[in-house]
Amino acid sequence: MTKPQIWVAAFLAAFILLFMLGRLTKSSAEEEMMPGSNELPQTGMSSGDVSPEQLLGRLGCTNCHGQNLEGTKMGPALVNLNEHWSKNELTNYLRNPSSYMDNERFKVFKEKFPNVIMPAFGNVNVQELGKLAEYLLNR
Ligand code: HEC
């Protein structure tokens with residue numbers, strides 16, 4: 001190769017390298033943005049078209065109370081709730097379970113599930129919680 005040819009080759013090589021680098025950094029920047037877009041709040045949603053069954057799964061209720069709410073090691077069966085709760089009380093309970101801890105039944109729960117805390121769902125749309133409460137009371 002003559003000297004000018006080497007210069008042209010070197011220039012081309014550098015150009016291609018820069019081009020590739022640019023693409024690489026761009027695609028990794030795009031990847032970094034993906035997890036962020038998945039961080040949309042899942043529980044604060046207010047869409048009115050979610051069924052109570054879907055909510056039970058989405059909010060993780062079934063993880064502790066069982067797929068059919070039959071109870072697990074992590075939480076009691078959700079049965080005959082209408083003997084103990086009104087819709088409003090149950091909705092309130094879901095928003096703030098710890099304020100009901102002194103109740104006799106809850107002392108028993110505490111012994112049965114000493115290491116599990118029923119989470120508060122105060123960040124969930126109240127209407128949705130109301131629907132959920134109604135569903136739980138009528139099943
Ligand atoms: C981390 C596990 C866990 C999750 C998740 C969970 N719970 Fe609970 N839940 C418990 C435990 C444990 C108790 C028993 C009370 C206590 O110890 O706080 C309980 C108690 C309850 C009670 C009272 C039962 C009764 O007989 O009065 C209801 C109702 C209830 N949960 C509904 C729900 C709903 C609805 C969801 C989802 C929105 C949910 N729970 C999510 C663990 C959980």
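A residue is called buried when its relative accessible area is under 20%, exposed when it is over 50%, and partly exposed in between, using a 1.4 Å probe and protein chains only. The model is predicted, with local features needing pLDDT of at least 70 and side-chain atom pairs counting only at pLDDT 80 or more, while totals for chains, interfaces and linings use all residues. Residues are numbered from 1 along each chain as its sequence is written, and side-chain values use heavy atoms, with hydrogens and water left out.

The iron atom of the ligand has His65 (NE2) and Met118 (SD) as its protein donors, 1.9 to 2.1 Å away. Donors are N, O and S atoms within 2.8 Å of the metal (3.2 Å for Na, K and Ca); water is not among the atoms, so sites may look incomplete. The six donor atoms make angles of 87 to 178°, and the site is octahedral (six donors, opposite ones over 155 degrees apart and all others between 65 and 115).

The two protein donors come from distant parts of the chain, 53 residues apart: His65 is in helix α3 (residues 61–65), and Met118 is in the loop between α5 (104–112) and α6 (126–138). Helices are DSSP runs (H or I, at least four residues), numbered from the N terminus. His65 is buried, at 10% relative accessible area, whereas Met118 is partly exposed, at 22%.

Both donors also appear in the largest pocket, where His65, Pro76, Leu78, Tyr93 and Met118 lie nearest the centre among 32 lining residues. A pocket is an open set of points on a 1 Å grid over the protein atoms alone, where a 1.4 Å probe fits, with protein on both sides within 12 Å along at least five of seven lines; lining residues have an atom within 4 Å of a point. Helix α5 gives the largest share of this lining, five residues.

Notes:
Tetrahedral: all angles 85-135°; square planar, octahedral: opposite > 155°, others 65-115°.
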